[in-house]
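Work through the exercises below with the coordinates open. Each task is followed by a stepwise solution.

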Amino acid sequence: TEACLKAIEGADALNAFVHKTPEIALERARAADARIAQGDAPAMCGLPIGIKDLFCTKGVPSQAASNILKGFLPEYESTVSQNLLDAGAVMLGKLNMDEFAMGSSNETSAYGNAVNPWRRGNDDTALTPGGSSGGSASAVAADLCLAATGTDTGGSIRQPAAFVGITGIKPTYGRCSRWGIVAFASSLDQAGPMTKDVRDAAIMLEAMCSSDPKDSTSTDLPVPNFEAMLTGDIRGKTIGIPKEYRMDGMPDEIEALWTRGAEMLKDAGAKIVDISLPHTKYALPAYYVIAPAEASSNLARYDGVRYGHRAKLAQGDGITEMYEKTRAEGFGKEVQRRVMVGTYVLSAGFYDAYYNRARKVRTLIKKDFEDVFAQGVDAILTPATPSAAFGLGEMQDADPVQMYLNDVFTVTVNLAGLPGIAVPAGLDRQGLPLGLQLIGRPWEEGDLLNTALALE
Ligand code: GLN
């Protein structure tokens with residue numbers, strides 16, 4: 001813990017930690033030492049970690065990287081962070097992210113973006129750590145903490161993990177409780193670990209999961225011992241390669257990485273088969289209808305009364321002006337865009353044309369996966385992202401759809417509620433990390449982690 005706190009002090013330029021809690025951390029580390037001395041050490045006893053700012057942490061600022069939650073000190077701890085504390089983990093502080101987890105580059109953060117510790121071999125351009133869990137990615141990659149929590153609504157664990165060369169798993173929807181995590185799109189949001197390797201991910205995921213009466217969508221299934229499932233044996237497994245993920249204009253190094261990944265799995269004894277997920281091309285548009293629709297509803301609670309920021313009002317301003325001014329000041333541009341899109345697609349005149357249609361597409365996407373799993377496919381291998389980390393500012397203020405295209409390989413997994421993992425898989429020509437993604441059957445994270453081990 002002391003070593004990490006020191007590293008954090010020297011890493012302000014990364015802007016990964018947005019609230020540091022060194023006193024709390026040292027106190028918990030001492031308590032962990034005492035437990036270890038008594039021979040009573042739970043799985044994560046004394047391990048220093050970072051927590052994404054989206055998680056409510058009791059008495060510690062939890063702002064979802066938004067000005068509208070400025071100064072918000074929760075009176076409760078999220079179930080996932082409580083589970084980690086119960087497992088002995090030491091929280092070093094809160095980690096940067098895109099505002100309300102909306103973004104793929106960390107540039108929508110009210111704190112300013114976190115920075116990727118990697119640089120291209122041939123220039124010194126500062127790169128994005130990805131998003132929305134960009135602070136988590138940057139902190140783990142730069143050794144500021146041993147691991148971090150992330151959340152993933154459309155790729156926010158897997159894309160930043162790929163951009164900094166670490167491992168990140170989004171478990172099956174319902175595996176982790178969403179209670180106490182600031183809601184973005186409730187039918188898609190899941191928490192998960194971002195770690196140095198697959199074994200750490202297995203240990204940390206087990207500590208994070210629980211069935212929770214406070215989240216009606218959390219599962220009653222028992223939490224497996226994921227680490228014990230890491231045998232390294234994947235003989236006889238069938239891995240599907242979906243042809244629809246071979247996008248036009250895919251860089252050849254991504255293509256080569258994908259082929260190499262398939263070969264590694266084959267060498268480890270798996271059978272590689274070509275599969276088809278025919279509705280893949282509708283995933284991104286469906287996601288960017290459903291996620292904003294749910295966000296517009298979830299974000300209605302930020303009204304200037306119940307949380308954080310309230311705008312200064314002029315003489316004669318009424319309640320409408322208070323809402324309008326507070327939300328105009330408190331929400332950043334991307335969040336406002338999502339609220340407007342979401343409100344539009346849910347409005348009486350357009351509900352059937354957009355929201356309902358997107359829900360039907362979602363069902364078809366889910367069925368695509370069910371069909372291939374029914375044919376005996378155990379896991380699906382794809383690239384994690386369409387490119388390596390891009391430069392900060394390169395996509396900002398460009399067409400927002402360009403940014404949304406980053407999520408092309410990841411959103412299907414959230415729409416279908418499946419577990420997905422990104423693992424580092426090599427470097428591109430410029431020396432930047434690239435990741436591969438494995439998608440698993442529902443509730444079979446143990447198997448998925450074990451398959452991912454074969455890619456390490
Ligand atoms: N980049 C996607 C979005 O902006 C995904 C974000 C996430 O998974 N939280 O919605």
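**Exercise 1: a buried pair**

Arg-178 is buried, with a relative accessible area of 18%. (Buried means under 20% relative accessible area, exposed over 50%, partly exposed in between, with a 1.4 Å probe and protein chains only.) The model is predicted: local features need pLDDT of at least 70, side-chain atom pairs count only at pLDDT 80 or more, and totals for chains, interfaces and linings use all residues. Residues are numbered from 1 along each chain as its sequence is written, and side-chain values use heavy atoms, without hydrogens and water.

Task: which residue forms a salt bridge with Arg-178?

Step 1. Apply the rule: a salt bridge is a side-chain nitrogen of Lys or Arg within 4 Å of a carboxyl oxygen of Asp or Glu.
Step 2. The partner is Asp-215, with the closest N and O atoms 3.3 Å apart.
Step 3. Place both ends. Asp-215 lies in the loop between α6 (198-208) and β7 (238-242), and Arg-178 in the loop between β5 (167-170) and β6 (190-195), so the pair ties together parts 37 residues apart in sequence. (Helices are DSSP runs of H or I, at least four residues; strands are runs of E, at least two; both are numbered from the N terminus.)
Step 4. Check the partner's cover: Asp-215 is buried, at 4%.

**Exercise 2: a salt-bridge network**

Task: which residues are linked with Arg-120 in a network of salt bridges?

Step 1. Start with Glu-394, whose side chain meets that of Arg-120 at 3.6 Å, N to O.
Step 2. This pair links distant parts of the chain, 274 residues apart.
Step 3. Add Asp-123: Arg-120, Asp-123 and Glu-394 form the network.
Step 4. Compare cover. Arg-120 is buried at 13%, whereas Glu-394 is partly exposed at 47%.
Step 5. Set this against the total: the rule gives 23 salt bridges.

**Exercise 3: the ligand site**

Task: how many residues surround the ligand, and which are the closest?

Step 1. Count residues with a heavy atom within 4 Å of the ligand. The result is 15; the closest are Thr-153, Gly-154, Ser-156, Tyr-287 and Arg-338.
Step 2. List N or O pairs within 3.5 Å. A ligand nitrogen is 2.8 Å from an N or O atom in the side chain of Ser-104. Another such distance, from a ligand nitrogen to the side chain of Asp-407, is 2.9 Å. A backbone N or O atom of Gly-154 lies 2.6 Å from a ligand oxygen.
Step 3. Check burial. Taken alone, the ligand exposes 290 Å², and the protein buries 100% of that. (Areas use the Shrake-Rupley method with a 1.4 Å probe.)

Key: Near = heavy atom within 4 Å. Polar contact = N/O pair within 3.5 Å; in protein donor to acceptor, adjacent residues only side chain to side chain.
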